Amino acid sequence: MDARKPKVAFVTGITGQDGAYLAEFLLRKGYIVHGLKRRSSLFNTDRIDHLYQDPHLSQRNFILHYGDLTDSSNLIRIIQEAQPDEIYNLAAQSHVKVSFDAPEYTANADGIGALRILDAVRLLGLTQKTRIYQASTSELYGLVQEVPQRETTPFYPRSPYAVAKLYGYWITVNYREAYNMYACNGILFNHESPVRGETFVTRKITRAVAKIALGLQDKLYLGNLSAKRDWGHAKDYVEAMWLILQQEQPEDFVIATGITTTVRDFVRMAFAELGIEVEFSGKNEAEKGVIIDRDEERLAALDIPAENVKLGQTVVKIDPRYFRPTEVDLLVGDPSKAKAKLGWEPKYTLPMLVSEMVDSDLQLMRKEEYLKRGGFTTLNYFE
Ligand code: NDP
Ligand code: GDR
């Protein structure tokens, strides 16, 4: 490879949480970044708008292409045009609960989509040039077989999403072995950030906590509070994706923090960030979270009116619509291979992540509050 020539990356799912962080990361490293963007009736580029470059510029290092993972011909065309050194296949219908509602589409995008990328590279004769990262997931482990979960732990997927991703995982391994391609799976455990999609549980919680504190919402409705997840920060995890593609040999890696926490404790931590103590009582669908204490100094410092935070106020209730037909109860990863071979370790702790997410949502909701006070109503989605 010519040392003066910038590397070229093609990122699918560039408008998503990870795509946005990865694009920033690669641009900082001097890459030319091509991204796949779906056509939608409204703008869907909020997370990458700050990276946008006028298409009329003669020199660009950030280039978006319309396309879809369900359309082989457009993938072949874009890959042929971009001639990427690295492809990061991050695009997916990534919501586990939604995959029960749209199983066939999820299989097409998340399973066959991975095949389309691999096969495009093969058909274009790029197997020895282009390295491929496949966004695999801890959801593959599903029903607990071994704790902590590592690269050798057997898979037992528990949702149409996870089953589709299982295909993506094995087709990546198969193309690596069959065609001697540099194609790897990153088996990433949950990772979050202030730009996490609003319907994933962490962001749903941090948004609601901010709204409740500002008097914009009464309660937060959740599903299974006992599920345990190994939560990290997306910023750390995109670095791991890149490292996985910089090794001598292509291999699969677990990326995780090694620490697991219940959804219930995540809720407690998020309220505590604003000086609000919440205690849970009751069982199953009758479980609820009630404010039992408040730190008035902290509230005052954050300019949160104390009347929005009443002792005895129920702020969390269970809504069974958020239960899943089959649940993944416990995820906790063992990142020791990544540490040993990639030199990767997370820089963020869970308290740092919660703090960043709550602070960011508090700022965002202050804007909403301002609009509301001015008589401009905004839409409320609670999913
Ligand atoms: P997001 O849901 O935030 O982003 C998904 C991206 O995929 C969006 O850009 C979306 O476009 C795009 N997309 C969805 N369907 C298609 C399609 N048919 N064709 C083209 N693009 C499509 O996910 P994350 O950033 O959180 O996750 C990135 C990847 O990593 C996903 O594959 C996910 O399954 C996987 N993963 C995520 C983990 C996590 O904790 N975040 C953990 C392990 C794996 P649009 O913006 O238009 O909707
Ligand atoms: P997950 O993330 O399914 O692990 O998939 P999500 O945040 O959706 O759920 C985590 C856990 O929280 C429980 N839960 C709720 N979840 C949502 N979304 N909404 C609720 O109201 C709610 N109440 C409780 C869930 O049942 C679950 O146990 C994420 C996605 O990013 C996948 O794409 C990725 O592969 C995996 O993480 C690793």
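Here is a short chat about a predicted model, its ligand and two of its helices.

Me: Why is the pairing of helix α6 with helix α11 called oblique?
Reply: The axes of α6 (residues 201–213) and α11 (residues 350–373) cross at roughly 50°. Angles under 35 degrees count as roughly parallel, and 65 to 115 as roughly perpendicular. The crossing angle fits neither range, and therefore α6 is oblique to α11.

Me: And what is the handedness of that crossing?
Reply: α6 and α11 make a right-handed crossing.

Me: How do you know that α6 and α11 meet, and which residues are involved?
Reply: Their axes come within 8 Å. For residues, contact requires C-beta atoms within 7 Å. On the α6 side, Thr-202, Arg-203, Thr-206, Arg-207, Val-209, Ala-210 and Lys-211 take part, and they meet Met-357, Val-358, Asp-361, Leu-362 and Met-365 of α11. Sorted by class, this contact holds 6 nonpolar, 2 polar and 4 charged residues.

Me: What makes a residue part of the shell around ligand 1?
Reply: Its C-beta atom has to lie within 6 Å of the ligand. There are 26 residues around ligand 1, and the closest are Gly-13, Gly-16, Ala-91, Ala-92 and Ala-135.

Me: Which helix gives the most to that shell?
Reply: That is α1, with 3 residues. Both α1 (17–28) and β5 (131–137) supply at least two.

Me: How many residues of each class are in the shell around ligand 1?
Reply: The shell has 15 polar, 8 nonpolar and 3 charged residues. Gly counts as polar here.

Me: Where does the "NAD(P)-binding" label come from?
Reply: An unreviewed UniProt entry gives that domain annotation to residues 10–357. In the model, this span is 36% helix and 18% strand, and its end C-alpha atoms lie 28 Å apart.

Note on methods. Residues are numbered from 1 along each chain as its sequence is written. Chains are lettered from A and ligands numbered from 1 in the order in which they are written. This is a predicted model: local features need pLDDT of at least 70, side-chain atom pairs count only at pLDDT 80 or more; totals for chains, interfaces and linings use all residues. Helices (H or I, at least four residues) and strands (E, at least two) are DSSP runs, numbered from the N terminus. Axes are lines fitted to C-alpha atoms, for helices over the stretch in contact, and angles run from 0 to 180 degrees between N-to-C directions. Angles under 35 degrees count as roughly parallel, over 145 as roughly antiparallel, 65 to 115 as roughly perpendicular and the rest as oblique. A crossing is left-handed if the near helix is turned anticlockwise from the far one by less than a right angle, and right-handed if clockwise. Two residues are in contact if their C-beta atoms, placed from the backbone, lie within 7 Å. UniProt positions are given in the numbering used here, feature names are shortened, and annotations may be inferred rather than shown by experiment.
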